[in-house]
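Colleague: I would like to go through this model with you. Could you take my questions as they come?

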Amino acid sequence: MYLPPRHAEIIRLAKDNGRVLVEELSAHFGVTPQTIRKDLNELCDRRLLSRIHGGALFPSGIENVQYEARRKIAADEKDAIGRAAAKIIPDSASLFVNIGTTTEAVSNALLDHKGLMVITNNINVANRMRVYPSIEVVIAGGVVRGSDGGIVGEAAVDFIRQFKVDYAVIGTSAIDHDGALLDFDFREVKVAQAILANARHVILVADSTKFERTAPVRIGHISQVNTFITDECTVDAVRRVCVEAEVQLIETNKLGTEAVRTP
């Protein structure tokens, strides 16, 4: 498939970073934002990118974006989500933390907590938190996924089922407009489902780009969580599900760094 040089470069940047933004591309290429919007519309019409407000995402219907690229997507938003989640979790709590760049942001925000017991199938989380003497880290056994350091498979599921914890912090690759939580690897999904079933309070953390994505494997439904933390809930249907299911919705961008709770 032939692509003009600028279009090919936009695709490369989107693949490397997970998403591209109009203003950044305009500065990068030295062209007007209107020109970039036209480029993105053409690429989206050809289904090479997926349009979002202010830019476009690299499409991910059956395969996730590379982990390092996912770290860069909505990095500031993930940090704010992480801080909001950390405010909910008290000292001396037990918790699950599963795989994902947003759950990693939560783990980073928890480093000043005392007396935590953290059970995780995320090597990155374990490696970050293990050096803090006030935090006990317990890591699942199983198959280590080379792409992101996630531990998946039946051994990890059996390990998780040994515990009943105060809190679970889970992420998701996509949120459907009906509230379904979706991911790409059925082995990871089984671990997430075990986490959902064995925590007293489940905190879902996901930035608003997850509303623009899709994935083929169902983790569960947003009505199964107690608290949903995002930068902005951009889908009215999901907001309604939260109200109907009495899920606490926290949007971190409502009052700057303050978190607004609904209902």
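The conversation below moves from the overall fold to one small sheet, a helix and some individual residues.

Colleague: Before the details, what kind of model is this?

Modeller: It is a predicted model.

Colleague: How many helices and strands does the protein have?

Modeller: The secondary structure comprises 10 helices and 16 strands. The radius of gyration is 19 Å, close to the 18 Å that the globule rule gives for 263 residues, so the protein is as compact as a globular protein of that length.

Colleague: And what box do the C-alpha atoms fill?

Modeller: Along the principal axes, the box is roughly 55 × 40 × 35 Å.

Colleague: What share of the residues is buried?

Modeller: Of the 263 residues, 54% are buried. As for contacts with a separation of 6 or more, 59% of them link residues 24 or more positions apart.

Colleague: What about the surface and the charges?

Modeller: The accessible surface comes to about 12000 Å², and carbon and sulfur atoms hold 49% of that area. There are 31 positive and 34 negative charges, and the mean positions of the two sets lie 2 Å apart.

Colleague: Let us turn to the sheet with β11. In what order do its strands lie?

Modeller: The order is β10-β11-β13, an open sheet of 3 strands with antiparallel pairing. β10 and β13 stand at the edges with a single partner strand each, so one side of each has no neighbour in the sheet.

Colleague: How many bridges hold β11 to each partner?

Modeller: β11 pairs with β10, residues 174-175, over 2 bridges. With β13, residues 217-221, β11 shares 4 bridges. In terms of individual residues, L182 of β11 is the bridge partner of A174, while D183 has V217 in β13 as its bridge partner.

Colleague: What connects β10 to β11?

Modeller: The two strands form a hairpin with 4 residues between them. G179 lies in that turn and has a positive phi of about 95°.

Colleague: Which way do the side chains of β11 point?

Modeller: A180 and L182 point one way, and L181 and D183 point the other way. These residues of β11 are all buried. In general, side chains in a regular strand alternate between the two faces of the sheet.

Colleague: Staying with A174, is that residue buried or exposed?

Modeller: A174, found in strand β10, has 0% relative accessibility and therefore counts as buried, the cut-off being under 20%.

Colleague: Which residues does A174 touch?

Modeller: Not counting residues up to four places away in sequence, A174 touches A180, L181 and L182, together with K210, R213, T214 and A215. The C-alpha atom of A174 is also separated by 11 Å from that of G220, 46 residues apart along the chain.

Colleague: Changing topic, how many residues of helix α6 are buried?

Modeller: Helix α6 spans residues 101-109 and is mostly covered, with 7 of its 9 residues buried. The buried ones are T101, T102, T103, E104, A105, V106 and S107.

Colleague: Take T103 from that helix. Why does T103 count as buried?

Modeller: T103 counts as buried because its relative accessibility is 0%.

Colleague: What is T103 in contact with?

Modeller: Leaving aside neighbours within four places in sequence, T103 is in contact with V97, N98, N122, V169, I170, G171 and V205.

Colleague: One last topic, the backbone. Which residues other than glycine have a positive phi, for instance?

Modeller: R47 is one of them, with phi near 65°. S92 is another example, with phi near 60°. As background, most residues other than glycine have a negative phi.

Colleague: Where do R47 and S92 lie?

Modeller: R47 is in the loop between α3 (33-45) and β2 (50-52). S92 is in the loop between α5 (75-88) and β4 (94-97).

Colleague: Are R47 and S92 buried or exposed?

Modeller: R47 counts as exposed, because its relative accessibility is 74%. S92 is exposed as well, with a relative accessible area of 60%.

Key: Residues are numbered from 1 along each chain as its sequence is written. This is a predicted model: local features need pLDDT of at least 70, side-chain atom pairs count only at pLDDT 80 or more; totals for chains, interfaces and linings use all residues. Side-chain values use heavy atoms; hydrogens and water are left out. The radius of gyration is taken over C-alpha atoms; the globule rule is 2.2 Å times the number of residues to the power 0.38. Buried means under 20% relative accessible area, exposed over 50%, partly exposed in between (1.4 Å probe, protein chains only). Contact means heavy atoms within 4.5 Å. Accessible areas come from the Shrake-Rupley method with a 1.4 Å probe; for residues, only the protein chains shown count as cover. Lys and Arg count as positive and Asp and Glu as negative; His and the chain ends are not counted. The place of a charge is taken as NZ of Lys, CZ of Arg, CG of Asp or CD of Glu. Two strands pair if DSSP finds at least two bridges between them.
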